[in-house]
Amino acid sequence: MTAARRLPQPPPDDVTAVIDALLAAAGAELGEASSAQLLDRARGLARVVNLAQAELSRVVARAETQEAAAADGLTGMRPWLRGHVGATGPEAAAVLAAGRLLERMPVLGAAAAQGAVTMGQLGVVGRILTADVWATGAAGGIDLPAMDQVVTDTITGDHPRTLTQVCQRIADTIDPDGPPPVDPTAGRFLRITRRTDGTRALRGSLDAAGGEKVEAALEAIAAAGRCEGDLRTRDQRSADALVQLADLHLALGDLPVLRKVRPQLAAVIQLEDLADPTGVAAAARLGSGVTVSSLVARQAACDADIARIVLGPDSLPLDVGRAQRLVPAHIRRAAEVRDGGCVFTGCHNPAWMCDAHHVVHWIDGGATSLENTALLCERHHTQVHHGFTIRWDPDQGRWRTHRPDGTEILIGPMTDTRGDPLPDLHTEDPPLFADRRT
């Protein structure tokens, strides 16, 4: 899904001056610089980065207070940073958390405004001296400005590496009993990060009982799959067992139905590539949008229902084969192939979180067809029914979003200080299915 292109909009004059200065610095010749000069330059640039990060955090926190993101149809500044600036989820969360921290710790905020505090240091302070800890201190009559000064002195003093220990001692002073007992399952989390090549990185935490259950299930599957000569490591066996556990439940069909569609692995591939036993690189696209080789699709097709999707000359799905589903499910599958996820500008919610929206409402004569269907997450489905509008741009081959006042929500590319677009370094992605006749 291609983002809408932003019209040239130069930043405020003060930010423009900073950008101009940095652009001049970025063009400096480094070939004749001595080691000392390079180190001095790196130290100065580090301060510039700290200054910019602190100011960005301050602005984002104020924008969050004013609910500014609602102007672009988003719930807060975290999704706005992800959709409009291209920040990752952790980056967006860190910026917002830093802004909130600097608001409640003004001494630290003043030091950050001088470029003396890094984002990593702000992250350490915010993780230990949370808003709840600070509120407990205020309620208990603790001298919070003095604590703020101690933290700032630690960061700017001779022993910044003791920051974690200092913050923990302050937290213990404010609340010696620590946080009240909570449900142990409340700390569970699982984060799956998708890399550009489609592989996943997993990070999470389970309580004692939950971890015991998961380990027992994985160990049972891993043990059942052991055979003589198995050279896999324990980590490899555990990973294979987790995938096998997913395979078992997907095959049984006992998982909850989501948006009227049974969860499944979906892959789009040209028939001749699927039939090629030698493998074709970047020949298939999985449901998440990741492009993989034909061998991955062949493996999935060994034990799967295969549905036919006919693409027209503009690469839009025209007809979906009969897979023993109702027509709305077929239309939804075609919309998922075309849209990939929520089409609201700046939103990155995947297809499984989306409703199939009638662009022209059915009650108003709109047809139940692919041309009249767009994927929208629940949040933006509601927005579109309350003033925001979406429309398909056939010339650009993408969806466009407009606010209730008729202005379009636009993101990227960046502009220079005069408002002229920067040179567009993006090249169009090659077609997934190349024309083999050329």
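**A first walk through the model**

Let me begin with how the chain folds back on itself: if we take contacts in the protein between residues at least 6 apart in sequence, 52% of them join residues at least 24 apart. Please keep in mind throughout that this is a predicted model. The protein has 438 residues, of which 29% count as buried, and its secondary structure consists of 15 helices and eleven strands. As for its surface, the protein exposes about 27,900 Å², and carbon and sulfur atoms supply 57% of that area.

I would like to turn to a pair of helices, α8, which covers residues 144–156, and α9, which covers residues 163–174. Their axes come within 9 Å and cross at roughly 170 degrees; angles over 145 degrees count as roughly antiparallel, and α8 and α9 are therefore roughly antiparallel to each other. On the α8 side, the contact is made by Leu144, Met147, Val150, Val151, Thr154 and Ile155, while α9 contributes Leu163, Val166, Cys167, Ile170, Thr173 and Ile174. What is the character of the residues in this contact, in terms of nonpolar, polar and charged? Ten of them are nonpolar, two are polar and none is charged.

Now to the strands, where a general reminder may help: strands of a sheet pair through backbone hydrogen bonds, either parallel or antiparallel. One open sheet here has three strands in the order β3-β4-β5, with antiparallel pairing. At its edges stand β3, residues 267–269, and β5, residues 291–292, and because each has a single partner strand, one side of each is left without a neighbour in the sheet. Between β3 and β4, the latter being residues 284–286, there are three bridges, and within this pairing Ile269 has Ala284 of β4 as its bridge partner.

The last element I want to show is strand β9, residues 373–377, which runs antiparallel to β8, residues 354–358, and is joined to it by five bridges. Cys354, for example, has Cys377 in β9 as its bridge partner. In a regular strand the side chains alternate between the two faces of the sheet. Which residues, then, cover the two faces of β9? On one side we find Thr373, Leu375 and Cys377, on the other Ala374 and Leu376, and all of these are buried. Since five of the five residues of β9 are buried, this strand is largely enclosed by the rest of the structure.

Conventions: Residues are numbered from 1 along each chain as its sequence is written. This is a predicted model: local features need pLDDT of at least 70, side-chain atom pairs count only at pLDDT 80 or more; totals for chains, interfaces and linings use all residues. Side-chain values use heavy atoms; hydrogens and water are left out. Buried means under 20% relative accessible area, exposed over 50%, partly exposed in between (1.4 Å probe, protein chains only). Helices (H or I, at least four residues) and strands (E, at least two) are DSSP runs, numbered from the N terminus. Two strands pair if DSSP finds at least two bridges between them. Axes are lines fitted to C-alpha atoms, for helices over the stretch in contact, and angles run from 0 to 180 degrees between N-to-C directions. Angles under 35 degrees count as roughly parallel, over 145 as roughly antiparallel, 65 to 115 as roughly perpendicular and the rest as oblique. Contact means heavy atoms within 4.5 Å. Ala, Val, Leu, Ile, Met, Phe, Trp, Tyr, Cys and Pro count as nonpolar, Asp, Glu, Lys and Arg as charged, and the others, Gly among them, as polar. Accessible areas come from the Shrake-Rupley method with a 1.4 Å probe; for residues, only the protein chains shown count as cover.
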